[in-house]
Each structure stands twice: as C-alpha cells, then as structure tokens.
Amino acid sequence: MDILTARGLVMTYGSTRALDDVDVTVGAGESVAVMGPSGSGKTTLLHVLAGILRPSAGSVDLAGTDLLALSDAQRTRLRRDDFGFVFQSGQLLPELPAEENAALPLLLAGAPRAAATERAGGLLRRLGLAGTERRRPGELSGGQAQRVAIARALVGRPKVVFADEPTGALDQATGREVLDLLTSVAREHGAALVVVTHDAGVARWCDRTLAMRDGRVVSQFTAPVGGAR
Amino acid sequence: MSAVRLWWSLVRHAHGGSRLPAVLAVTAFAVTTWVVLTVAGGVQAFQARAELPGAEEIYPFLSWVAVALLVVPTATLGAAAARLTVARRDVRLARLRLAGATSGQTTLIALLDAGAQALTGAVAGIVLDLAALPAVARLRFQGRTFDVAELRLGAGPVLVAVAAVLAVALLSCAVSLRRVSLTPLGVAQRVPQPGLSWARVLPVLLLGGAFVVAFNAGSVLLGLGTVVGALVLVGLLAGAFAVFNLVGPLLVSVLGRVVGARARSVETLLAGRRMSEDPRSVWRSVGGISLVTFVAGCLSVTPGMTQGGDPADHVLTDIGTGAALTLVISAVLAAVSTGVTQASRVLDSRERYRTLHLAGTDLAVLHAARARETWIPLVVTMGGAGALALLIVSPVLGLLRTAPVGVVWFLGCALAGAALVLLAARASRPLVEACASR
C-alpha cells in the first residue's frame, strides 16, 4: 500500500525548472533513495514531498490527505506529527542533553516529560547510545549526534522519515554505520524512508532507488531481495 | 595590507539583508558612547559646581557612585555589540580560512569590522549626545537646572571616551574570536565554554573582609581626608559590583537547573536549559539592571526624608533623582544589551532554527522559549534585588510615615525598565522568522 503519492510535480524558480513533471510513490515501510548530481532537483523533491515547499503544479497525498489543501499551520503540525527529519548536521539544540533532544517532537506535541524522555532513552539505547543520554551535543561525536537525530526523527512514530544527505558530514565507515541503523530502525518502526543523497553506496541500503537529472526522474531500480546489505 | 584591502571589499559588497546586525551593532555602540559622554558630562558639571564657594562637596562623590554603577552595564553593552559583529562573521571568516587566509588575516578582518562599527557608533553617539544635551540640562539638581555649557565635554574627554569604547569593542571581539576556532578546513567550530566554578563565591568572602576592615578603620580613613575616604568608598562599591557580576552567572546557572528540572512545558525546558548552558550571556541581559535596581531601591526613601524638613535641603531629593536617573539609564542599557545579545544568538543558531522549523516546530514555541529565558531571570534577579532593597529600607519607611513618593517612583521606574528589556527581547522575532524560513 502506498503511503505517499505525488503526481505531476512541477517546481519553477524563475525560468529554471527544478522539478519537471515528477511522479513518485512511496509504500508504507518502504525505503527509497533519491540520487542525482548537484542541482538535479532531489532536495527540492524532498521538500515538496514533506510539505515544506508548495510546488508550482502537481499533487502530494499522504495516506488520503491532500498536503497542498492544508494551511501553513496544518502542514507544520503534520510535519511534526507524521514526518521525521534527519539533516546533514546542525539540528540538535546545543543546550539540551541527548535524550531531551531526541524527545523534542513528543514534548512539542504536549506529551508528559517523563514518558517522552523514557521513550527517547529507549530509542537511543537501540541506536547504541546507552550511557550518552545526559550528554549534550557538544560532547558527542559526529556519528553519535546523527544517531541522536535519527532517534528524534523516529520518536514520534512518524509515517515517513525524510533524510537529506544524512551522512554528508561523516566519514565513510561512520556514514555506513549510521545508514544501516537509520534503515533498520525505520523498518522496525514501520516508517517509510526517503533518503536524498549523492552517495551511490547509500542505495544499497534502500528498497528502491530513483535517479534524478535536470528535475526529472530518469530511472528507478529496485534492490534485489536482501540487497547488498 | 592585503587583509585590509580584502576587508574593505567585503564591506563594500555586503548584501542588504546582512546589514541588520551591523545596524544593531552600530546602534549599540552609539548608545554606549552616548551614555559614557552624558555621565562624564554630569561628573564634570558636579565637579565644577563643587568648586564654587559654599557648594556641597558630596555631589562629585555621588556622581562617581553613579559612574561605578554604570560601568558594568555600559561595558557589557559595548562587548555585546562586538560579539554581534563576530557572530555574523564566523562562517564567512571560516570560508576565508579555507581559501587560504591565515589566522592572523582573519583576526585582522574581524577586528577591522568591530573597530569600524564601534567608530561609526561612537560618532553617532557624539551627535546623539550633542542633540540630547538641552534635554539633559533641564534636570534639576542642587535646586537649579544645568547650563548646556556645564555638561558639554571638551575634545580631550570626548576622545578618551571614544578610545574607551573602541578598546572595549576590540577586546571583546578578540575574546569572542578565541571561542570560534576557525580551522583551515573551513569549519567554524564553537569551542565549548568552560563551566562555572564555585570558586566565584570566594571573592565575596574577600570583599566581606575588606568591608569589615574599612568600617573598623573608618576613623583612620576619615583622618586621611574626604578625597581618600570617598575613593575608598567608591573602590569598595566598585568591588561589590564586580563581585556581584562574578556571582550573578552562578545564580543564573543554578536557577536554570532548577527551572529545567521542574519544567512542564517545552518552552520552559528550553529556557531553563539555555540558562544553565550559557549563564554568562543570560546574566549580561539582566545583571546590570538588577544591580541598579538594588541601589535605587535602597535610595528610594531619600526624597521622602526631605518632606517636612528644610526645603533648602535638596541633597536627599537629589539623591532620589540621581538614583531614578541611574535606574532609567541602566534600563536603556540593559534593553539595548538584551536586544543585541538575542540578535547575535539568533544569528549563531540560524541553522538550528531552520531545521527545527522544517521539522514542524511552531515559531511561537521558539519565541516563547526566548521570552522565558529573559523574563524568568529578570523577574528573579531584578525582583529579588528590588524586594531585598525595600526590605532593608522598610524600617526607615515606617519611621518616616511620609507618603512613599520615592518608593512609588522607584517601582514605576523599575517596572518600566523591565518592560523595556522584555520589549527588546521581542525585537529579534523578525530575525528568527527570517532565519527559520530561509
């Protein structure tokens, strides 16, 4: 069953077409890598799918909800409650310890503090961060900080996790470790995953890969069962 | 020389959108210079009046007490403005490092930036001072208003004031740069600030000792003449203020931990954590005004003391006026300081604001958290200082049985000052919105 369906997406900036008639579907629990060179439109696609940008034309549907029919405030709430995000860096609040950083979406949604930090702590331990719950981002390595960001993205049990170059600031070995955790923990939580990357290695961790060029999806292929993982 | 040329080319090609922090920094330097010149003009006028036959000698001393009270908030504002210039620059300086600029060249560029803005602000401050002099001259002290000529400073003192503002700006800029280590890889890394030590409490004990010695040696000091006695008193006061500023961040840090531990809403949690993470910067916003609130609170009874007394005895009334004036000036300084500190913090956190907003965080939550990190410490420190002062003078209030004119006046000034600081904290909202939706 598809959880996210986008049809005929067009995004223009002046005379530039960042997205040129793009159709994308993401199945529930499926992981999709979006690849392509710089300027191919992959980050724009991620922002449109996540309801951050409003496309010039086309539609985005999340489990029966038309994203483009929602108000700005409704889309903000939807991003908080139904989506999770992992960016390249710079998303953790320096003043909060790891478990509060991870619990932030639940706290923002009004969850009781004890329950929120307990759930975040469980996720951090699942991500191999036992013992670092009270550390602040400045005391964590780049890989540890990205794992806290993954915990934060998944803590609210989102339907879809969007990751924009999540390993861009990490060395290769740490990047692979982080990707492995991101895909497997998202799968355990039943969350679909959309990863934007220009690293060909990332595709090996995903069920399907979309290749983009000049704002169009030029090819897509599905990983063999079991993949190269 | 190449760094100077590079800096000039960067200044010329600055984008319109990146000018807001520069405008804020120049405004802060202008206010700093204006306050320095106004206060120095006041000291000059009181000193000149004291040399007239039959004049009260206490006025120059009182004006120096006001100077001692205003030194910290004024220097704080100058330093906050300099930090703002660095906050805005760190990413660009890091890119310059990547392009091959040496650490010395990037430091020089940053110092030129801060220096140029301080100088522009200082010139604006001089103009502001000249424009405001007629209004300041209407203040009544010693039963009469001032002549503008009494308050106008000569070229020498003005140059000294400008040099002092420049020195504070350059020094703060150099210290801020130390906290941003610009690696040749082009990464602007925030060096974590060292934690606060309980050793900050030690000077309190030392100062307590100094007070005991001074009180016991009171007669000896009086024997040395009024000038030495006044100097010792002003020195002790300045020491007390310095200690207050050492202990203040520690108080904010403890308060932050308590607020953070008990927070039920995410806004309060963020505010509490922020207070314990960087208590120095939070203290910068509230410290100066709290200190003056305490002193003004203690002096608030003085106008009442003259009622029914000799109408010619204007010293006590003047002390009350001076206290209220010092409170108003420090409120203005604290407000500009808060505005500038908040703006540089928003600029430092622009990437986080953007990602938080993308991930569905309401901007209202971010605004509320920033408001709380200002008003919680403000209410606790300023309210605490005011209440403590009134507690100390309450026996006098009871004895006087006069209408508590001074106290009402004091409370009004304090509330207006607090409101001004809170308004200044709100002023960076558009900046948050711009950073979040970039």
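Which residue of S9(A) does A:Ala33 stand opposite? In this predicted model, the partner of A:Ala33 is A:Thr209 in S9(A). The two strands to look at here are S3, residues 31–35 of chain A, and S9, residues 208–213 of chain A. They pair in the parallel sense, over 4 bridges.

This pair belongs to a wider sheet. The sheet in chain A is open and has 6 strands, in the order S6-S7-S8-S3-S9-S10, with mixed pairing. At its edges are strand S6 (83–86) and strand S10 (216–222) of chain A, each of which pairs on one side only. From one strand to the next, the twist averages 20 degrees.

A helix can be found against part of this sheet. Helix H5 of chain A, residues 142–155, lies across S6 and strand S7 (160–164) of chain A. The direction of H5(A) is at about 170 degrees to that of S6(A).

Another helix of chain A shows what burial looks like. Helix H3 of chain A covers residues 98–108, and 11 of its 11 residues are buried, so H3(A) is largely enclosed by the rest of the structure. The buried residues of H3(A) include A:Glu99, A:Glu100 and A:Asn101, as well as A:Leu106, A:Leu107 and A:Leu108. Just after H3(A) comes A:Gly110, with a positive phi of about 95 degrees.

Now turn to chain B and a pair of helices. Two packed helices are described by the angle between their axes and the distance between the axes. For helix H2 (residues 20–50) and helix H13 (residues 315–348) of chain B, the axes come within 10 Å and cross at roughly 160 degrees. Because of that angle, H2(B) is roughly antiparallel to H13(B). Their crossing is left-handed. On the H2(B) side, the meeting residues are B:Pro21, B:Leu24, B:Ala28, B:Val31 and B:Val35. Among those they meet in H13(B) are B:Ile329, B:Val332, B:Gly339 and B:Leu347. By class, this contact of H2(B) with H13(B) has 12 nonpolar residues, 1 polar and no charged. An α-helix has 3.6 residues a turn, so residues three or four places apart point the same way.

Finally, consider where the chains touch. There, 16 residues of chain B are in contact with 19 residues of chain A. On the chain B side, helix H10 (266–277) and helix H14 (350–358) are the elements that give two or more residues. H10(B) supplies the largest share, 5 residues. The side of chain B that touches chain A is made up of 6 nonpolar, 3 polar and 7 charged residues.

Note on methods: Residues numbered from 1 in each chain as written. Chains lettered and ligands numbered in written order. Predicted model: local features only at pLDDT ≥ 70, side-chain atom pairs only at ≥ 80, totals over all residues. Axes fitted to C-alpha atoms, helices over the stretch in contact; angles between N-to-C directions. Parallel < 35°, antiparallel > 145°, perpendicular 65-115°, else oblique. Left-handed = near helix turned anticlockwise from the far one by under 90°. Contact = placed C-beta atoms within 7 Å. Nonpolar A, V, L, I, M, F, W, Y, C, P; charged D, E, K, R; others polar. Buried ≥ 20, exposed ≤ 12 C-beta atoms within 10 Å, placed from the backbone. Pairing = 2+ DSSP bridges.
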